[in-house]
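Here is a short report on a molecular structure. Keep the sequence and the 3D view open as you read.

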Amino acid sequence: MNEQYERLESLLSRAPHIDDDGFTEAVMARLPPSRPSLRMRTIILLASTVTSCSVVAAVPGARRFLAEISVGLVSGSAATGSSLLVAGIVVALVVWGAMAAASSET
Amino acid sequence: MEDAPLIARVVADDDRHAFTTLVRRHQSAIRGFLLRLCCGDGALADDVAQETFLLAYQRIGSYRSEGGFDSWLFSIAYRSFASEKRRRHWSAEELREEPEAVESSTQGPEEAAADIERAMRQLREPERACLSLCYQWGMSHQEMANVLEYPVGTVKTHIARGKEKLRAHLSSYDQQREQEG
């Protein structure tokens, strides 16, 4: 009985090597398009942020607009509520755009 | 190069060359395991193996090195097989059909091994999986329990039952050979 089990175990432990025969290429062909590397995504995100801040700083009156928003935020003034809303939407759009650019497939 | 640095390169830089090396390194084991689960149907085993590596690529960021990369791949392969089986509504009988069953007139270890392979197809799927992982890839009971998501006791039971069925088959095979001889 033990002899039979030993023979069985020896037969079961055979693991013949299977040649690749194009298998790896078939898998690689089915992978989704490559995405930017983590480093590249970080660079895109930072570059987008710096560019958008520079654009805002360069627009005439933008600094005063930002100052008004800051004052309104601190004082809780209702008059600047709508400006704050607009600024919030702009910032959200900029961040969303940068995130989309960073995560998009190349 | 070992698996860990290659995996790190795939996660950080989506390094396709590193992933190619990983697939090439592990394809034989995964395809061999699936070939047994698929009862010798090579085309089917390769379909599921491709799906396994695609899922591995998608989830490689969640891989934790505790059990080893090959164990992680076996676990994905087994789940992919189970999911494909559900998707195609395979019955146990359909899977147990013998696509490569060929009568051979030669005797010897090669034929005995082929006969055991055919006998494996008559086992229940968890028995086939446990016996393959245990003997072909030398996994411990605990490793198999992690890969197949069964309790250790269940793994031991599947191995014992599977072995007993195969031993009985081997015994009748030997008797048959003696009568023929």
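The report goes from the chains to the domains, then to the core, one helix and one residue.

## The two chains

The model is predicted. Chain A has five helices and zero strands. Read along the sequence, its pattern is α-α-α-α-α. Chain B has nine helices and, again, zero strands. From the N terminus on, the elements of chain B run α-α-α-α-α-α-α-α-α.

How much of each chain is buried? In chain A, buried residues make up 4% of the 106 residues. In chain B, 33% of the 181 residues count as buried. Sequence distance tells something about chain B too. Take its contacts between residues at least 6 apart in sequence: 63% of them join residues at least 24 apart.

## Where the chains meet

Chain B puts 28 residues into the contact between the chains, and chain A puts in 24 residues. On the side of chain B, six helices give two or more residues each: H1 (3-13), H2, H3 (42-59), H6 (109-120), H7 (125-136) and H9 (152-180). Which of them gives the most? H2(B) does, with eight residues.

## Where the domains meet

Chain B is divided into domain 1 (1-100) and domain 2 (104-181). In the contact between them, 14 residues of domain 1 of chain B meet 16 residues of domain 2 of chain B. On the domain 1 side, the elements that give two or more residues are helix H2 (16-37) and helix H4 (69-87) of chain B. The largest share of that side, five residues, comes from H2(B).

The table sorts two of these contact sides by residue class.

| Side | Nonpolar | Polar | Charged |
|---|---|---|---|
| Chain B, touching chain A | 13 residues | seven residues | eight residues |
| Domain 1 of chain B, touching domain 2 of chain B | six residues | five residues | three residues |

## The nonpolar core

The largest nonpolar core has 45 residues. Leu34(B), Cys38(B), Val48(B), Ala77(B), Leu133(B) and Met144(B) touch the most other members. H2(B) supplies the largest share of this core, eight residues. Where does the core lie? Domain 1 (1-100) and domain 2 (104-181) of chain B both give residues to this core, so it lies between them.

Cys38(B) deserves a look of its own. Leaving aside neighbours within four places in sequence, Cys38(B) is in contact with Leu44(B), Ala45(B) and Val48(B).

## Helix H2 of chain B

H2(B) has come up at each contact side and in the core. What is the geometry of this helix? H2(B) has a kink of about 50 degrees, centred on His26(B). Cys39(B) follows H2(B). The phi of Cys39(B) is positive, near 55 degrees.

## One residue up close: Leu166(B)

Leu166(B) lies in helix H9 of chain B. Is Leu166(B) buried or exposed? Count the other C-beta atoms within 10 Å of its own: there are 25. A residue is buried if that count is 20 or more, so Leu166(B) is buried.

Which residues does Leu166(B) touch, not counting those up to four places away in sequence? The contacts are Leu8(A), Ile116(B) and Ala119(B). One of them, Leu8(A), belongs to chain A. Now compare sequence with space. Leu166(B) and Ile116(B) are 50 residues apart in sequence. Their C-alpha atoms are 7.1 Å apart in space.

How values were computed:
Residues numbered from 1 in each chain as written. Chains lettered and ligands numbered in written order. Predicted model: local features only at pLDDT ≥ 70, side-chain atom pairs only at ≥ 80, totals over all residues. Domains from an automatic or database assignment. Contact = placed C-beta atoms within 7 Å. Helix = DSSP H or I, 4+ residues; strand = E, 2+ residues; numbered from the N terminus. Nonpolar A, V, L, I, M, F, W, Y, C, P; charged D, E, K, R; others polar. Buried ≥ 20, exposed ≤ 12 C-beta atoms within 10 Å, placed from the backbone. Bend = angle between axes of the 7 residues up to and from the residue. Core = buried A, V, L, I, M, F, W, Y, C linked by C-beta atoms within 7 Å.
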